[in-house]
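Reader: Could you zoom in on one part of this model for me and walk me through how the pieces sit together? I'd like a close look at one pair of packed helices, with a quick detour elsewhere if there's something worth a glance.

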Amino acid sequence: MATGRTHRPATRSRGIPEATVARLPLYLRALTALSERSVPTVSSEELAAAAGVNSAKLRKDFSYLGSYGTRGVGYDVEYLVYQISRELGLTQDWPVVIVGIGNLGAALANYGGFASRGFRVAALIDADPAMAGKPVAGIPVQHTDDLEKIIKDNGVSIGVIATPAGAAQQVCDRLVAAGVTSILNFAPTVLSVPDGVDVRKVDLSIELQILAFHEQRKAGEETAAGDGALPAATAREDSADQGPDGDVPAVMPA
């Protein structure tokens, strides 16, 4: 029975809060960049700034991993890369299928970051018969009729949905029935999944709308600030709270 649940409970089996888990990839990205520059150690303040969090939160997050750094030295970069990679399950190969090879699906298939981060695109799947056999990023597209067999043959547990909204739930149901237990959803719709299945949703339009809200608010604040700044002469005439000499008080209205 579908419940509509899209994430696991607040804590995982090892007691690591979900919020901490969500920040681990940020730390790993920053650490990987340091590793590529052959930086041996990093302080909590430097790493926190690179990851976009505060240092107290970073130290708390790392305490869940049993990593506390060395006073006066900081954290060993290579060890942290290994430790976080192991915690995220990236020390093994994860086969992934992408369903829906339109513009977005094709872009995902061509993304070079999967392999370097522990993921292998095992198959590309699309409902359009004209796409069958067509290579995308060097991988031939397969038809959705073969979805269940593809999942089984490749031992896939992670699926990426990049279909139109109307097809997403049906694709999701088939993926789950075939054994997929984690789904990355790019379709602009909410998926219902049974317990034990994780869904992460990526909705670019929602993110843009949130940014539009902030831009509108900033524009409104700038307008209000401009409208609220009265010329000195006008402020003097309108002020009923003048100083002893009839001058405007030193503190001007905001």
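Author: First, a word on the names: helices (H or I, at least four residues) and strands (E, at least two) are DSSP runs, numbered from the N terminus. Keep in mind, too, that this is a predicted model.

Let's do the detour first. Asp203 sits in the loop that runs between strand 9 (198-201) and helix 9 (204-228). Its relative accessibility is 13%, so Asp203 counts as buried, the cut-off being under 20%. A polar atom of the Asp203 side chain lies 3.2 Å from the backbone nitrogen of Ile206.

Now for the pair itself. Two packed helices are described by the angle between their axes and the distance between the axes. Here, helix 2 (residues 44-51) and helix 3 (residues 55-64) have axes that come within 8 Å and cross at roughly 100 degrees. The two are therefore roughly perpendicular to each other. Where they meet, helix 2 brings Ser44, Glu45, Leu47 and Ala48, while helix 3 offers Ser55, Leu58, Arg59 and Phe62. Sorted by class, that contact holds 4 nonpolar, 2 polar and 2 charged residues.

Take helix 2 on its own next. Ser44, Leu47, Ala48 and Ala51 are its buried residues. Looking down the axis of helix 2, you'd find them within an arc of 100 degrees, so they line one face of the helix. That spacing fits a general rule: an α-helix has 3.6 residues a turn, so residues three or four places apart point the same way. Over on the other side of helix 2, Glu46, Ala49 and Ala50 are exposed. The buried residues of helix 2 have plenty of partners, packing against helix 1, strand 1 (41-42), helix 3, strand 2 and helix 4. Just past the end of helix 2, Gly52 has a positive phi of about 80 degrees.

That leads us on to helix 3. At its start, a side-chain oxygen of Asn54 gets to within 3.2 Å of the backbone nitrogen of Ala56. Further along, the buried residues in helix 3 are Ser55, Leu58, Asp61 and Phe62. Seen down the axis of helix 3, these fall within an arc of 120 degrees, so they line one face of the helix. The neighbors they pack against are helix 1 (18-36), helix 2, strand 2 (75-76) and helix 4 (77-87). Just after helix 3 there's a glycine again: Gly66, with a positive phi of about 80 degrees.

Note on methods
Residues numbered from 1 in each chain as written. Predicted model: local features only at pLDDT ≥ 70, side-chain atom pairs only at ≥ 80, totals over all residues. Heavy atoms only, no water. Axes fitted to C-alpha atoms, helices over the stretch in contact; angles between N-to-C directions. Parallel < 35°, antiparallel > 145°, perpendicular 65-115°, else oblique. Contact = heavy atoms within 4.5 Å. Nonpolar A, V, L, I, M, F, W, Y, C, P; charged D, E, K, R; others polar. Buried < 20%, exposed > 50% of the residue type's maximum accessible area, 1.4 Å probe, protein only. Arc of directions from axis to C-beta. Polar contact = N/O pair within 3.5 Å; in protein donor to acceptor, adjacent residues only side chain to side chain.
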